[in-house]
Amino acid sequence: MEGGKSDQATAPSQGRLITVLSIDGGGIRGLIPSTILDCLESKLQKIDGPDARIADYFDVIAGTSTGALLTCMLATPGDDKRPVKAASELNEFYLKHGPNIFPQKNLGFLNKAANLFSAVMGPKYDGKVLHEKIEEVTREVKIKDTVTNIIVPTFDVKQLQPVIFSTYEAKEDPRKNALLKDICISTSAAPTYFPAQLFEVEGREYNLIDGGVAANNPTMVAITMMIPKEVSGGNLVDFSPGSPAEDDNFLVISLGTGYTRPEKEYTAPKCAKWGALRWIYNHGLTPLIDIFSHASSDMVDIHVNVLFKALRMEDNYLRIQHDYLKGKTSSVDIATKENMEELIKIGKDLLTRKVARVNVNTGLHEAVKDKGTNEEELESFAAKLVKERNRRANQKTHSHA
């Protein structure tokens with residue numbers, strides 16, 4: 001199977017695992033997970049050959065906002081039906097286009113006043129460059145035609161409800177088979193940063209903003225969507241107690257874009273004095289957006305941790321997240337060369353840190369006893385992913401014999 005196209009026919013029923021990759025939202029901080037993805041793909045190539053691509057090993061890749069951009073680069077097919085981007089090319093995309101997507105302005109007194117006025121009157125960026133670069137990558141490809149299944153959360157402001165786009169649903173409902181560029185632009189339309197996106201698919205209208213308002217960490221969305229889809233397709237392995245695959249079922253890698261915890265800015269005495277404007281814009285920060293995205297990501301991580309522990313699968317869940325970004329690195333849109341290089345450095349530093357899991361009582365990540373570094377764990381997961389892919393290939397071969 002070395003270097004072959006990701007084959008949707010090799011379903012979980014032909015192996016023992018349902019494999020999930022999830023990538024959080026976070027703007028320019030997408031450089032953190034993209035650095036880790038480069039490491040993961042290199043581990044897969046070391047085991048399975050130089051043509052291996054991340055999409056070959058995951059049943060589904062889920063991404064929100066900048067995570068969806070990474071997802072689409074990993075799963076959009078090129079002319080050869082292989083992923084249009086290797087993981088080693090992801091950082092280059094941010095470094096090359098980030099400064100134009102997030103053009104930096106002079107931070108003098110008059111410009112600060114102008115930025116404040118702009119924050120009140122409209123989105124900080126017009127999104128034209130973002131649209132252009134996303135379209136260059138995804139062209140006219142629709143979600144039904146991705147190399148592997150993908151899931152992207154968005155939020156419909158007209159219906160006031162989340163809209164989850166997935167390869168699964170697109171195959172069943174033509175009204176959900178949207179262009180990747182429309183989906184990706186929509187889930188990146190963070191309030192106050194980019195304008196909302198309107199488009200139509202087969203007569204259905206979508207009025208969408210950033211999926212991060214509902215699921216900045218899309219891990220649980222992916223898990224809960226995978227179960228019924230695989231069950232209805234007859235592909236899911238047995239989840240009942242005592243089943244042979246009881247301890248395996250899911251393998252999940254979840255990548256964050258870093259916690260921003262400006263405690264000195266967000267305190268009860270200060271927040272108690274804020275009106276609507278300060279909640280939206282406060283000294284260059286966006287408190288309301290930060291709070292929503294943190295709450296969403298943290299709750300998902302806690303829920304997945306509890307779920308995997310209850311199912312005795314905790315060794316099959318890896319969450320890699322930086323616990324405290326400071327200064328400019330905490331911003332979602334400071335795309336200077338210096339800051340982007342620092343974000344890449346943070347991603348590399350994360351690889352050297354010990355595997356950590358969230359403490360459900362404190363919300364803090366704590367090193368796991370008897371576990372090595374994140375890079376060592378990625379190497380272990382890469383071996384499991386290759387083994388699973390080979391197991392499915394062998395099962396498929398025997399079933400055709």
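## A walk through the chain, starting at Arg139

Select Arg139: with a relative accessibility of 31%, this residue counts as partly exposed. That label fits because 31% is neither under the 20% cut-off for buried nor over the 50% one for exposed. What you have open is a predicted model, so keep that in mind as you click around.

Stay with Arg139 for a moment. Where does Arg139 sit? You'll find Arg139 in the loop that joins helix H5 (128-138) to strand S3 (149-156). Now look at its backbone: Arg139 isn't a glycine, yet its phi is positive, at about 50 degrees.

**Zoom out for a second**

Show the whole protein chain as a cartoon. There are 14 helices and ten strands to find. The chain has 401 residues, and 55% of them count as buried. Next, think about contacts between residues with a separation of 6 or more: 75% of those in the protein chain are between residues 24 or more positions apart.

**Next stop: Glu202 and strand S5**

Select Glu202. Here's another residue that has a positive phi of about 50 degrees without being a glycine. Glu202 is in the loop between S5 and strand S6 (204-210). Is Glu202 buried or exposed? Its relative accessible area is 61%, so Glu202 counts as exposed.

Now step back to Leu198, which is part of strand S5. Leu198 has a relative accessible area of 54%, and that makes this leucine exposed too. Which residues does Leu198 touch, if you skip those up to four places away in sequence? The answer is Glu205, Tyr206 and Asn207. If you like using the distance tool, pick the C-alpha atoms of Leu198 and Ser186: the two residues are twelve apart along the chain, and those atoms are 8.1 Å apart.

**Ring hunting**

Time to show the aromatic side chains. How many aromatic pairs does a search of the whole structure find? There are nine. To describe a pair of aromatic rings, you give the distance of the centres and the angle of the planes.

Try Phe165 and Phe199: the ring centres are 6.3 Å apart and the planes are at 35 degrees, so this pair is tilted. Phe165 belongs to strand S4 (residues 161-166) and Phe199 to strand S5 (residues 197-201), so the pair ties together parts 34 residues apart in sequence. Phe165 and Phe199 are both buried.

Then select Phe308 and Tyr317. They make a tilted aromatic pair as well, with 5.4 Å from centre to centre and 45 degrees between the planes. Phe308 is buried, at 1% relative accessibility. Tyr317 is buried as well, with a relative accessible area of 5%.

One more selection for the rings: Phe102, Tyr125 and Phe194, which form one aromatic cluster.

**Helix H2 and its neighbour H3**

Select residues 66-75, which make up helix H2. How many of the ten residues in H2 are buried? Ten of ten, so call this helix mostly covered. Among the buried residues are Gly67, Ala68, Thr71, Cys72 and Ala75.

Add helix H3 (residues 90-101) to your selection. The axes of H2 and H3 come within 11 Å and cross at roughly 125 degrees. H2 and H3 are therefore oblique to each other, and their crossing is right-handed. Which residues make this contact? From H2 come Thr66, Leu69, Leu70, Met73 and Leu74, and from H3 come Leu90, Phe93 and Tyr94. Colour that contact of H2 with H3 by class and you get seven nonpolar residues, one polar and no charged.

If you wonder about spacing, here's a general tip: an α-helix has 3.6 residues a turn, so residues three or four places apart point the same way.

**Last stop: H1 against H13**

Finish with helix H1 (residues 31-48) and helix H13 (residues 337-352), whose axes come within 8 Å and cross at roughly 50 degrees. H1 and H13 are therefore oblique to each other, with a right-handed crossing.

To see where they meet, select Leu31, Ile32, Thr35, Ile36 and Cys39 on the H1 side. On the H13 side, select Met340, Leu343, Ile344, Ile346, Gly347, Lys348, Leu350 and Leu351. By class, the contact of H1 with H13 has ten nonpolar residues, two polar and one charged.

Notes: Residues numbered from 1 in each chain as written. Predicted model: local features only at pLDDT ≥ 70, side-chain atom pairs only at ≥ 80, totals over all residues. Heavy atoms only, no water. Axes fitted to C-alpha atoms, helices over the stretch in contact; angles between N-to-C directions. Helix = DSSP H or I, 4+ residues; strand = E, 2+ residues; numbered from the N terminus. Parallel < 35°, antiparallel > 145°, perpendicular 65-115°, else oblique. Left-handed = near helix turned anticlockwise from the far one by under 90°. Contact = heavy atoms within 4.5 Å. Nonpolar A, V, L, I, M, F, W, Y, C, P; charged D, E, K, R; others polar. Phe/Tyr/Trp six-rings, centres within 6.5 Å; stacked < 30°, edge-to-face > 60°. Buried < 20%, exposed > 50% of the residue type's maximum accessible area, 1.4 Å probe, protein only.
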